[in-house]
Amino acid sequence: MCRSIKTLRPPAMPEEATEEDMRAAALQYVRKVSGFRAPAEHNREVFERAVDEIAEATRALLDGLEVRGAAARKPA
């Protein structure tokens, strides 16, 4: 897989992942899977839609994960 995609959940990230973090990870994933750094004009729509959908799936995943011990690390 793409080694430049970083883990977006605690404890790897001390703060909550931003929308920008999730979109960057989604973009890296789509680039890796498609084999294109930037799509041709005729593929741009499907490429961007994939990035959007993967970013949304990432948000749903992170929102649904329960990381044991993460609450204890957060300041009160």
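The questions and answers below introduce a predicted model.

User: Which helix has the highest confidence, and which the lowest?
Analyst: In this predicted model, local features need pLDDT (the predictor's confidence in each residue, from 0 to 100) of at least 70, side-chain atom pairs count only at pLDDT 80 or more, and totals for chains, interfaces and linings use all residues. Residues are numbered from 1 along each chain as its sequence is written, and side-chain values use heavy atoms, with hydrogens and water left out. The chain has a mean pLDDT of 85, with 83% of its residues at 70 or more. Among helices (DSSP runs of H or I, at least four residues, numbered from the N terminus), the mean is lowest, at 54, in α3 (residues 70–73), and highest, at 96, in α2 (residues 44–64).

User: Where low confidence occurs, how should the predicted coordinates be read?
Analyst: Confidence in the chain is lowest in helix α3. Where pLDDT is low, the predicted coordinates should not be read in detail.

User: Are α1 and α2 parallel, antiparallel, perpendicular or oblique to each other?
Analyst: Their axes, which are lines fitted to C-alpha atoms over the stretch in contact, with angles from 0 to 180 degrees between N-to-C directions, come within 8 Å and cross at roughly 130 degrees. Angles under 35 degrees count as roughly parallel, over 145 as roughly antiparallel, 65 to 115 as roughly perpendicular and the rest as oblique. The relation of α1 and α2 is therefore oblique.

Notes
Helix = DSSP H or I, 4+ residues; strand = E, 2+ residues; numbered from the N terminus.
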